[in-house]
Amino acid sequence: MEKIVNHCKTRGFVFPSSEIYGGFAAVYDYGQLGVELANNIKRAWWKAMVQKRDDIVGLDSAIFMHPKVWEASGHVGGFSDPLTECKSCHTRSRVDHLLEDIGVVADEKMTEEQINTLFTENMKKIHCPKCGNSDFTPAKSFNLLVKSNLGNFTGDWSKEPVYLRGETCQGIYVNFENVQVSSRKKLPFGIAQIGKAFRNEITARQFIFRTREFEQMEMQYFTTPENEMVAYEQLREARWQYYLDLGLKAENMRWHKHENLVFYAKEAYDIEYKFPFGFKELEGVHARGDYDLTQHSKGSGHDMTYTDPVTKEKYMPHIIESSVGVGRTFLAVLTDAYTEEEVEGEVRVVLKLPKQLAPFKVAVLPLSKKDELSVPAGELAQQLRERWMTDYDETQSIGKRYRRQDEIGTPFCVTVDFETLEDKAVTVRDRDSMKQERIPLTELEDYLAKQLGC
Ligand code: GAP
């Protein structure tokens with residue numbers, strides 16, 4: 001993990017937020033290469049979820065919503081984690097995580113009292129992650145919603161706060177009717193959205209795995225009660241295949257079934273990924289029944305039932321969802337791709353990123369800095385930029401430049417040398433095999449397009 005965190009910082013993928021001020025816990029910035037990788041992840045998700053599906057449309061709802069949304073959804077009352085504080089060093093931790101570390105499961109449905117009983121029983125075996133002591137304050141439920149003073153000019157907004165959304169899907173639920181009517185979609189159909197969410201996470205460990213500001217990619221599929229579980233199985237299958245197509249290794253993924261479901265859920269599975277700190281949730285795939293629209297019907301007083309245009313049957317749509325973080329996908333992709341191999345007695349660090357996700361698809365490297373080569377190489381790079389993110393590098397030896405591109409996952413390096421001036425051809429080097437091929441300049445774009453698949 002340390003190697004990945006360090007690689008992300010030094011190569012421009014992820015920086016700690018406000019680092020010159022000492023950082024800001026559980027918030028991260030995506031650097032010049034990180035933003036490209038994150039954008040490519042979002043593009044791949046949107047393509048699979050919206051572009052390739054006739055039954056799913058997109059949405060971009062606002063981060064701020066009416067505060068009643070969060071009351072109706074159950075977040076104001078119940079979106080909390082059990083918090084404790086170490087009596088020696090005052091480090092705050094999640095009690096369920098401390099218990100998990102010693103192999104004891106505290107499930108989401110437990111009351112504060114039940115968690116405290118379990119916590120007290122096991123306290124001697126639990127150690128503070130910072131100072132190692134085993135003396136903690138009792139567990140207290142801590143609400144994760146982040147509050148703001150938006151639109152409140154009274155100076156006292158804490159009693160009636162406006163929340164930053166804790167999940168993006170609530171924007172989908174409240175827009176169900178707008179989208180359904182304006183798109184003329186019949187059930188079953190889905191609404192997908194990518195956007196920021198905010199949670200006052202208690203623990204700030206594990207890099208971008210768990211952050212207080214993060215992006216979610218969520219799809220909510222509206223269907224009949226009878227079809228809910230059929231659609232759920234189809235969605236589970238599609239989501240597994242999506243990760244294989246994205247390039248994740250099957251041996252690093254597994255399904256985890258939730259045994260203790262929240263009261264409205266029919267079934268819930270997570271796709272777990274083998275992160276450097278073990279198998280953890282990458283994505284949640286949930287069958288939510290009619291809970292969400294029923295709650296918003298009650299909360300708003302607006303009837304959200306759907307009438308089938310053929311049978312005229314009126315019912316509350318049931319929902320299945322797929323929900324995953326951009327940051328978690330980013331970390332899974334990097335974990336899968338980060339490779340160290342020995343080449344000619346030296347360690348080569350290479351990010352074997354799937355080509356569609358690589359920040360730069362190609363790098364143009366003139367063999368010499370002299371105008372004779374750098375001018376045509378610069379022109380070639382500019383020509384390739386019309387189609388792909390293209391890097392240009394003329395500093396240091398060609399070997400060092402290849403290594404630099406390997407470290408950031410660029411699939412192809414194109415070298416312009418003195419022979420190029422004569423034979424109008426370039427050397428193309430493959431990142432993974434390191435094999436080199438001489439390609440005529442007139443065929444270069446077609447060659448790259450075929451290899452890159454885009
Ligand atoms: N709408 C359902 C929902 O939000 P969730 O299990 O709380 O369910 C779904 O979150 C996904 O969002 C997770 O599987 C994870 O990928 C991502 N996620 C949740 N909390 C996160 C956090 N604090 N930091 C980064 N990603 C997070």
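User: What is meant by a cavity here, and how many of 30 Å³ or more does the structure hold?

Analyst: A cavity is a set of grid points where a 1.4 Å probe fits but cannot get out. In this model, which is predicted, there is 1 cavity of 30 Å³ or more, and the largest cavity has a volume of about 30 Å³. Its lining consists of Ile4, His7, Cys8, Leu334, Tyr338 and Leu351, with helix α1 (residues 2-10) giving the largest share, 3 residues. Sorted by class, that lining has 5 nonpolar residues and 1 polar residue, while charged residues are absent from it.

User: How does a pocket differ in kind, and which residues are the closest to the centre of the second largest pocket?

Analyst: A pocket is an open set of points, whereas the probe cannot get out of a cavity. The second largest pocket here has a volume of about 710 Å³; 27 residues line it, and the closest to its centre are Arg43, Ala44, Lys47, Ala48 and Gln356. Two or more lining residues come from each of the elements α2 (34-51) and α9 (228-246), and α2 gives the most, with 8 residues. By class, the lining of this pocket has 13 nonpolar, 5 polar and 9 charged residues.

User: Turning to the open sheet of 5 strands, what is the order of its strands, and which of them stand at the edges?

Analyst: The order is β20-β19-β21-β22-β23, and the pairing is mixed. Because β20 (390-392) and β23 (436-440) each have a single partner strand, one side of each is left without a neighbour in the sheet. On average, neighbouring strands are turned by 25° against each other, direction ignored.

User: How many bridges join β22 to β23, and what packs on the sheet?

Analyst: Strand β22 (residues 425-430) runs antiparallel to β23 and is joined to it by 5 bridges; in one of these strands, β23, Glu437 is the bridge partner of Val428. Helix α13 (residues 398-408) packs on the sheet, where it touches β19 (362-366), β20, β21 (412-416), β22 and β23, and its direction makes about 170° with that of β19.

User: For a single residue such as Ser297, is the side to read buried or exposed?

Analyst: Buried means under 20% relative accessible area. Ser297, which is found in helix α10 (residues 291-300), has 13% relative accessibility and therefore counts as buried. Leaving aside neighbours within four places in sequence, Ser297 is in contact with His302, Asp303, Met304 and Met316.

Methods: Residues numbered from 1 in each chain as written. Predicted model: local features only at pLDDT ≥ 70, side-chain atom pairs only at ≥ 80, totals over all residues. Heavy atoms only, no water. 1 Å grid on protein atoms, 1.4 Å probe; cavity = no way out; pocket = protein on both sides within 12 Å on 5 of 7 lines; lining within 4 Å. Points joined across faces, edges and corners; volume = space filled by probe spheres on them. Helix = DSSP H or I, 4+ residues; strand = E, 2+ residues; numbered from the N terminus. Nonpolar A, V, L, I, M, F, W, Y, C, P; charged D, E, K, R; others polar. Pairing = 2+ DSSP bridges. Axes fitted to C-alpha atoms, helices over the stretch in contact; angles between N-to-C directions. Contact = heavy atoms within 4.5 Å. Buried < 20%, exposed > 50% of the residue type's maximum accessible area, 1.4 Å probe, protein only.
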